[in-house]
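Work through the exercises below with the sequence and the model at hand. Each task is followed by a stepwise solution.

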Amino acid sequence: MIENSLRVGIVALVSLFVASCATTPTPQSSVSGGVADVSYEAMGLVNSFRAQNGLGPVSVNSAVVEAARYQAVAMASRDVLSHAVAGDFTTRMNNAGFTYALATENVGAADRSVADSINAWIRSPHHRENMLMREAKYMGMIRASAPGSRYRTYWALILTSAEAGSGPKMIYSSGKSGKGKVGTPFENDGVQIFFTSH
């Protein structure tokens, strides 16, 4: 009987621990340094870079901004630089209503300004490729600050080819594999997700 009670107690403690690890991102107000929508400043830099490479401009879209906010806040509140900290990109974009679009995400940390982040991504082959997605029409970029964290500032940039709420569910995705140099602000390479109409 004591053995069964002990076993039940251990299972309850393990369940509580697992549940505490599976929390959703902390609300914006709990990120001590604040959250800033830097989309319009970033748009000018991204569009200049795209124009230099013969591509059309992107415009800020509020739903894309919110998708970027979700990711940046999740990274800052958990002190983790990762595309998967708030769930995989495909699921996050489907949940945000981008069920029929090309979408790409760059995440970064530690940069002091929007220009520093954009320029760092331009120098990184996968991130550069993401910003040069030919079909991109919309974007959003968020900075989330957490002064006591490893990197202090976390950035998320998302570009999409369509607005939220259009088309059928995604049925195929392809994320880039591989990692950047460990210990740098770009431990994860950019992710591209491809959506089809099947």
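**Exercise 1.** Find the bridge partner of Asp-37 in S4.

Solution. Step 1: the partner in S4 is Ile-142. Step 2: place the pair in its strands, which are DSSP runs of E with at least two residues, numbered from the N terminus. Strand S1 covers residues 34-37 and is joined to S4 by four bridges, the two running antiparallel. Strands count as paired if DSSP finds at least two bridges between them.

This is a predicted model, in which local features need pLDDT of at least 70, side-chain atom pairs count only at pLDDT 80 or more, and totals for chains, interfaces and linings use all residues. Residues are numbered from 1 along each chain as its sequence is written, and side-chain values use heavy atoms, with hydrogens and water left out.

**Exercise 2.** Which sense, parallel or antiparallel, does S4 take with S2, and which with S5?

Solution. Step 1: strand S2 (residues 59-60) runs parallel to S4, with two bridges; Ser-59 has Tyr-138 as its bridge partner in S4. Step 2: strand S5 (residues 153-160) is antiparallel to S4 over eight bridges. Here Trp-155 of S5 stands opposite Arg-143.

**Exercise 3.** Is S4 mostly covered or mostly open? Set the result beside the value for the chain.

Solution. Step 1: buried means under 20% relative accessible area (1.4 Å probe, protein chains only). Step 2: S4 spans residues 138-145, and seven of its eight residues are buried, so by this definition the strand is mostly covered. Step 3: in the chain of 198 residues, buried residues make up 46%.

Methods
Buried < 20%, exposed > 50% of the residue type's maximum accessible area, 1.4 Å probe, protein only.
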